[in-house]
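Reader: Give me a close look at a single part: the ligand site. Then add what you can about other places in the chain. Keep it brisk, please.

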Amino acid sequence: MSGRFITFEGIEGVGKSTQLEVARGYLQQRGIDVAVTREPGGTPLAEKIRALLLDAGHTAMAPDAELLLMFAARAQHLAEKILPTLAAGRWVLCDRFTDATYAYQGGGRGIGAERVAAVEQLVQGALRPDATILLDAPPQVGLARARARGAGADRFESEQLRFFERVRDAYLQRATAHAGRFTVIDATAELAEVSRQVTGVLDRLLTEQ
Ligand code: TMP
């Protein structure tokens with residue numbers, strides 16, 4: 001028996017963490033054993049790679065170095081946490097996964113989807129999420145919310161609006177190209193409405209069980 005793998009995506013400030021908690025609570029109430037994790041990170045080694053990636057002092061990181069560090073963290077996370085958890089029959093809710101790499105490195109940094117796909121194949125083989133929830137909002141809205149949180153900007157949050165427009169466009173292209181796996185939710189809607197749509201995705205997965 002294998003658990004389900006659900007990823008939450010979107011630019012900064014769209015409410016991923018809130019919706020991850022909604023999803024965790026909803027599944028737990030229904031007796032599902034869930035693990036919540038995040039990328040980059042999720043294991044001690046991958047969290048160290050995360051710190052390298054987010055360090056705003058690393059102003060000269062080459063785009064390919066960034067791409068490979070994302071996947072280095074992912075390879076560790078898969079081996080140490082995601083795959084064993086799924087194999088044990090638990091569900092995994094992950095705050096970002098490879099669609100973020102297509103969006104941020106592929107779109108935002110301009111590396112292109114082909115190069116991302118090559119490394120994805122190397123690291124993941126055929127593994128893909130069972131469902132991906134994309135919380136969508138214009139970058140102006142998301143960034144204003146993220147900046148209102150007050151913590152200093154990390155290396156990604158320091159980027160300009162245009163960067164996040166490319167990230168959002170790449171996310172939406174992914175959603176169109178993989179429409180069966182993605183659910184796009186308008187993150188500017190009322191919180192209760194966003195949560196209702198998230199739990200709707202979970203209901204669908206539960207009935208497929
Ligand atoms: P977080 O702040 O949502 O935890 O994510 C950390 C940052 O890492 C966020 O700005 C998006 C970025 N990121 C990528 O650029 N590529 C990736 O593959 C992942 C997982 C995250």
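Author: The ligand site

Start with arginine 50: one of its polar side-chain atoms lies 2.9 Å from an oxygen atom of the ligand. Taken alone, the ligand exposes 480 Å², and the protein buries 93% of that. Such areas come from the Shrake-Rupley method with a 1.4 Å probe; for residues, only the protein chains shown count as cover.

A word on the model before going on. It is predicted: local features need pLDDT of at least 70, side-chain atom pairs count only at pLDDT 80 or more, and totals for chains, interfaces and linings use all residues. Residues are numbered from 1 along each chain as its sequence is written, and side-chain values use heavy atoms, with hydrogens and water left out.

Back to the ligand. Glutamate 12 places a polar side-chain atom 2.8 Å from a ligand oxygen. For threonine 101, the distance from a polar side-chain atom to an oxygen atom of the ligand is 2.6 Å. These pairs fit the polar contact cut-off: N or O atoms within 3.5 Å. Within protein, one atom must be able to donate a hydrogen and the other to accept it, and residues adjacent in sequence count only if both atoms are side-chain atoms.

Now the full shell. It holds 14 residues, and the closest are Glu12, Arg50, Arg96, Thr101 and Gln105. A residue belongs there if one of its heavy atoms lies within 4 Å of the ligand. By type, the shell splits into six nonpolar, two polar and six charged residues. Ala, Val, Leu, Ile, Met, Phe, Trp, Tyr, Cys and Pro count as nonpolar; Asp, Glu, Lys and Arg count as charged; the others, Gly among them, count as polar.

Which elements each supply at least two shell residues? They are α2 (44-54), α3 (63-87) and α4 (98-108). The largest share, four residues, comes from α4. Helices (H or I, at least four residues) and strands (E, at least two) are DSSP runs, numbered from the N terminus.

The space taken by the ligand is the largest pocket. The search runs on a 1 Å grid over the protein atoms alone. A pocket is an open set of points with protein on both sides within 12 Å along at least five of seven lines. A molecule sits in one if more than half of its atoms lie within 2 Å of its grid points.

Arginine 96, one of the closest residues, needs a second look. It lies in the loop between β3 (91-95) and α4. Its phi is positive, about 75°, although it is not a glycine. Most residues other than glycine have a negative phi, and most peptide bonds are trans. Arginine 96 counts as buried because its relative accessible area is 12%. Buried means under 20%, exposed over 50%, and partly exposed in between (1.4 Å probe, protein chains only).

The peptide bond between glutamate 39 and proline 40 is cis, with omega about -10°. Proline 40 is in the loop between β2 and α2. Strand β2 (34-38) holds threonine 37. At 7% relative accessible area, threonine 37 is buried. Its side chain makes polar contacts with the side chains of histidine 77 (2.8 Å) and lysine 81 (3.4 Å).

Next, α7 (161-177), which holds arginine 174. That arginine is buried, with a relative accessible area of 12%. Its side chain and that of aspartate 99 form a polar contact of 3.0 Å.

Some pairs are far apart in sequence. Leucine 54, in α2, is buried at 18%. Its C-alpha is 9.2 Å from that of alanine 153, 99 residues apart along the chain. Helix α6 (139-148) holds glutamine 140, and arginine 147 is also found in α6. Glutamine 140 is partly exposed at 45%, as is arginine 147 at 47%. Glycine 13 lies 9.7 Å from glutamine 140 and 8.1 Å from arginine 147, C-alpha to C-alpha. Along the chain, those pairs are 127 residues and 134 residues apart.

Key:
On a 1 Å grid over the protein atoms alone, a cavity is a set of points where a 1.4 Å probe fits but cannot get out, and a pocket is an open set with protein on both sides within 12 Å along at least five of seven lines; lining residues have an atom within 4 Å of a point.
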